[in-house]
Amino acid sequence: MEIRGPVNEMATTQKIRRTPLRSCVVCREPSDKKTLLRVVRAPEKDGGGVFADATGKANGRGAYVCASAECIDKAVKQKRFERALSASPLPPNLAEDLKMMTEKVSSEKVLAAATSTGATAT
Ligand SMILES: [Zn+2]
């Protein structure tokens, strides 16, 4: 006697659906997405290239790393992105691109801090 039906299968599918967890590929620290940088492997049909995703919206498989030089360097040295994205080789300038994004993140923070403290412009 088989009770398995489409209704049961649908329920199972919904339970399995996971919320995407964003954590650094180096320290595995789950973070707010604002403090994580995204690295994407483009879909095969788009060439499968790996790049730093400044918009956070590029198509493809993503991996995340803290916006810190320490984690970026470790990720590159320890080939964390290769492992996370099943991709190689990585573009040689990936670490540089990520660090530039880091600077942008921190300068935005500085800017926000300067605005909230009412820094006077000359
Ligand atoms: Zn990290």
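Reader: What percentage of the 122 residues of the chain count as buried?

Author: This is a predicted model. In it, 19% of the chain's 122 residues count as buried.

Reader: Which secondary structure elements does the chain have, and in what order do they run?

Author: There are four helices and three strands. Read from the N terminus, the order is α-β-β-β-α-α-α.

Reader: How are the strands arranged in the sheet?

Author: The general idea comes before the case. Strands of a sheet pair through backbone hydrogen bonds, and the pairing is either parallel or antiparallel. Here the three strands form an open sheet in the order β2-β1-β3, and the pairing is antiparallel. β2 and β3 are the edge strands, each pairing on one side only. From one strand to the next, the twist averages 30°.

Reader: How many bridges join β1 to β2, and how many pair β1 with β3?

Author: Four bridges join β1 to β2, while the pairing of β1 and β3 extends over six bridges. Individual partners can be located in the model. On the β2 side, R41 has V50 as its bridge partner. On the β3 side, V40 is partnered by G62 and V39 by A63.

Reader: Why is β1 described as largely enclosed by the rest of the structure?

Author: Burial here is a count of neighbours: a residue is buried if 20 or more other C-beta atoms lie within 10 Å of its own. Six of the six residues of β1 meet that test, so the strand is largely enclosed by the rest of the structure.

Reader: Which residues of β1 lie on each of its two faces?

Author: L36, R38 and V40 are on one side, and L37, V39 and R41 are on the other. All of these are buried, so both faces are covered.

Reader: Which residues have the most contacts inside the largest nonpolar core?

Author: They are C24, V25, L37, V39 and V65, in a core of 20 residues. At least two residues of this core come from each of β1 (36–41), β2 (50–53), β3 (61–66) and α2 (69–77).

Reader: Which residues does V25 touch, leaving aside those up to four places away in sequence?

Author: V25 touches A63, Y64, V65, A75, R80, F81 and A84. Two of the names have come up before: A63 is the bridge partner of V39, and V65 is listed with V25 among the core residues with the most contacts.

Reader: What share of the chain's contacts between residues at least 6 apart in sequence join residues at least 24 apart?

Author: The share is 57%.

Note on methods. Residues numbered from 1 in each chain as written. Predicted model: local features only at pLDDT ≥ 70, side-chain atom pairs only at ≥ 80, totals over all residues. Core = buried A, V, L, I, M, F, W, Y, C linked by C-beta atoms within 7 Å. Buried ≥ 20, exposed ≤ 12 C-beta atoms within 10 Å, placed from the backbone. Contact = placed C-beta atoms within 7 Å. Pairing = 2+ DSSP bridges. Axes fitted to C-alpha atoms, helices over the stretch in contact; angles between N-to-C directions.
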